[in-house]
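Me: I have just opened this one and would like a slow walk through it. Could you take my questions as they come?

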Amino acid sequence: MTFAPALSLSQTPGAALPGRAPTGDSTAPPKRATRTPVPQPGDHLLAGPVTAPVHVPAFAPPVRAPTATGTATRRPATSGRVFYVDSTGGDDANAGTAATSAWKSLAKANAASLVAGDRLLFRRGGRWTGTLTVAASGTERAPIVIDAYGTGDPPLIQGGGSCVELVGSHLTLRRTHIDNCSWAGVDVMGSANLIEDNVLSGNAAGVHVRRGAVGNRIVANEIRDNSRMSVLTEGGDDDSGAFGVLLQGDATEIAFNTISGSDAFSFDYGRDGSAVEVYGGSNNHIHHNLATDNQTFTELGNATSADNTFAYNVVRSSLPSSIFLVTWGAGSAWGPVLGTALYHNTVLLTGSESQGFTCNDRCGPDILRMRNNIISAVAKVGYADDPFDEDYNVYSGGRRQFTTGAHSVVADPAFADPAGADLRLQRDSPAIDRGQDVGYARDFDGRSVPADGDSDGAAMPDSGAFEYHG
Ligand SMILES: [Ca+2]
Ligand SMILES: [Ca+2]
Ligand SMILES: [Ca+2]
């Protein structure tokens, strides 16, 4: 497999992305986006214009999802050298090849000549300020692994522009804490990298997957309170930031993470922030994540975004104006974003102005497909300005500004304990056995799908992210 060449390191942390865009209402049509989207971080690093790919909205069934506990961890090759970095006991004059002769600084780690199979280990309890840049690449069978050693808190890397830059490919980054970086916690430029079991907090973007990055996996991380704005100005339409994950690359898997607190003040939009922002990415698979108290779960923009699937995510928020999903048709400067699919998500938004989904400026079946979701929101469960592909969903709460499919229902989903954040189903839930088979074998809890929850002898998938097993 050949990947695009890595981008250079001369980048522009904090360049503007569009902030949260206006959302539709059938009684007050959405403000039309008149602005041409501004250049994005990294755009200037690419040769030639970015053109929209030829697109066929096939909505092919997704690959069967791995179980919640089964395949998230890929063990690195055990061959290769090991280098140690210790912020208190290390010394850059050391060889670095044993815990007793560790290096000290990020600068020394950045200068290491890493090759496939090598491991670069940071001592637990240590703290570093600045940027770790890994320019080397591993291989599929022998990734280069950045990991922790020792005991105590995860190694903390903080205070850089982007604090960890994965420039190369086939890199694994795990068990670190990356905090308070003015742009990205982890800035992904290469491909086929694995970001696993890290804590990413206090950044403008917990992870930024850049254009040209392909096949990266972001798995089982705690992505919290990435509530820093990179652009925050009075007036205009340019505020930007507070991203759990900013997704501009393709074929990324974002799974089994907890993503919370992507929410910040914005002069332009009141509040801004999203758990997963898609701006120019395609064929990404966002599944089995727990998202709590993010301003928006996802907003999709840019006509090069296509065929992104969101499945088995559990999305809760008590913020006043949270939205589950915002996407755009061809009538918007941010669209058309083709081929977004929502399967088996459970959404409970309790803020007084909360909204489920909005599909604006020429929604349609090529724009949005929804199957087997549960969406509960107070002000509005959903809005679409034109018919789209929707069925087998359960809605409750505020206004429905779209026509529901024949097998969708408006009813109390009968969550087990919504006040206690348990969104599993009770026995009398209308979501049980309501769904269609869209190709998933495991629910949010890792339990098998489908199960015959209503005991009528026929097992169908339940709508939402939890399969009722009786
Ligand atoms: Ca502004
Ligand atoms: Ca079932
Ligand atoms: Ca049944």
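**Walking through the model**

Reply: Gladly, and one small detail can serve as a way in: Phe415 stands opposite Leu425 in E37. That pair belongs to a predicted model, in which strand E36 (residues 415-417) and strand E37 (residues 422-425) pair in the antiparallel sense over two bridges.

Me: What sits between E36 and E37 in that hairpin, and which residue there takes a positive phi?

Reply: Four residues lie between the two strands of the hairpin, and Ala421 is the one with a positive phi, near 70°. Just before E36, in the loop that follows strand E35 (409-410), you will find Ala414, whose phi is also positive, near 55°. Most residues other than glycine have a negative phi, and most peptide bonds are trans.

Me: Is Ala414 buried or exposed, or something in between?

Reply: Ala414 counts as partly exposed, because 19 C-beta neighbours lie inside 10 Å, and being buried would take 20 or more.

Me: Where else is there a positive phi, say at Asn180?

Reply: Asn180 has a phi near 60° without being a glycine, and its place is the loop between strand E7 (177-179) and strand E8 (184-188). Asn180 is partly exposed because it has 17 C-beta neighbours inside 10 Å.

Me: Stepping back, how many helices and strands does the protein chain have?

Reply: The chain has one helix and 37 strands. Of its 470 residues, 58% are buried, and among contacts with a separation of 6 or more, 63% are between residues 24 or more positions apart.

Me: How confident is the predictor, in terms of average pLDDT?

Reply: The average pLDDT for the protein chain is 87, and 83% of the residues score at least 70. Residues 1-73, however, have a pLDDT below 50, although this stretch has 145 contacts in the model beyond near neighbours in sequence. Where pLDDT is low, the predicted coordinates should not be read in detail.

Me: Fine, I will be careful there. In what order do the strands of the 12-strand open sheet run?

Reply: The order is E1-E2-E4-E6-E9-E12-E17-E22-E25-E28-E31-E33, and the pairing is parallel. At the edges are strand E1 (82-85) and strand E33 (389-391), each of which pairs on one side only. On average, neighbouring strands in this sheet are turned by 10° against each other, with direction ignored.

Me: Can you show me one pairing inside it, and which residue stands opposite Val145?

Reply: Take strand E4 (residues 144-149) and strand E6 (residues 171-174), which pair in the parallel sense over three bridges. Within that pairing, the residue opposite Val145 is Thr172 in E6.

Me: And E26, which strands does it pair with?

Reply: Strand E23 (residues 290-292) pairs with E26 in the parallel sense over three bridges, and four bridges join E26 to strand E29 (residues 346-349), again running parallel. Ala291 has Val315 in E26 as its bridge partner, while Arg316 stands opposite Leu348 in E29.

Me: Which way do the residues of E26 point?

Reply: Val314 and Arg316 point one way from strand E26 (residues 314-317), Val315 and Ser317 point the other way, and all of them are buried. In a regular strand the side chains alternate between the two faces of the sheet.

Me: Now the interior: how many residues are in the largest nonpolar core?

Reply: That core has 111 residues, and those with the most contacts inside it are Val85, Leu166, Val186, Val207, Val245 and Phe324. Its largest share, seven residues, comes from strand E32 (residues 374-384). Setting aside neighbours within four places in sequence, Val245 is in contact with Gly206, Val207, Ile218, Ile223, Ile254 and Val276.

Me: Different topic: where is Arg271, and why is it called partly exposed?

Reply: Arg271 is in strand E20 (residues 270-272), and it is partly exposed because 19 other C-beta atoms lie within 10 Å. Outside its neighbours within four places in sequence, the contacts of Arg271 include Asp263, Phe265, Gln295 and Ser321. Asp239 lies 32 residues away from Arg271 along the chain, and their C-alpha atoms are separated by 10.0 Å.

Me: Last one: where are the cis peptide bonds that come before Pro336 and Pro450?

Reply: One joins Gly335 and Pro336, with omega about 0°, and Pro336 lies in the loop between strand E27 (323-328) and strand E28 (340-343). Another joins Val449 and Pro450, also with omega about 0°, and Pro450 is found in the segment after E37.

Terms used
Residues are numbered from 1 along each chain as its sequence is written. Chains are lettered from A and ligands numbered from 1 in the order in which they are written. This is a predicted model: local features need pLDDT of at least 70, side-chain atom pairs count only at pLDDT 80 or more; totals for chains, interfaces and linings use all residues. Two strands pair if DSSP finds at least two bridges between them. A nonpolar core is a set of buried Ala, Val, Leu, Ile, Met, Phe, Trp, Tyr and Cys residues joined through C-beta atoms within 7 Å. A residue is buried if 20 or more other C-beta atoms lie within 10 Å of its own, exposed if 12 or fewer, and partly exposed in between; C-beta atoms are placed from the backbone. Two residues are in contact if their C-beta atoms, placed from the backbone, lie within 7 Å. pLDDT is the predictor's confidence in each residue, from 0 to 100. Axes are lines fitted to C-alpha atoms, for helices over the stretch in contact, and angles run from 0 to 180 degrees between N-to-C directions.
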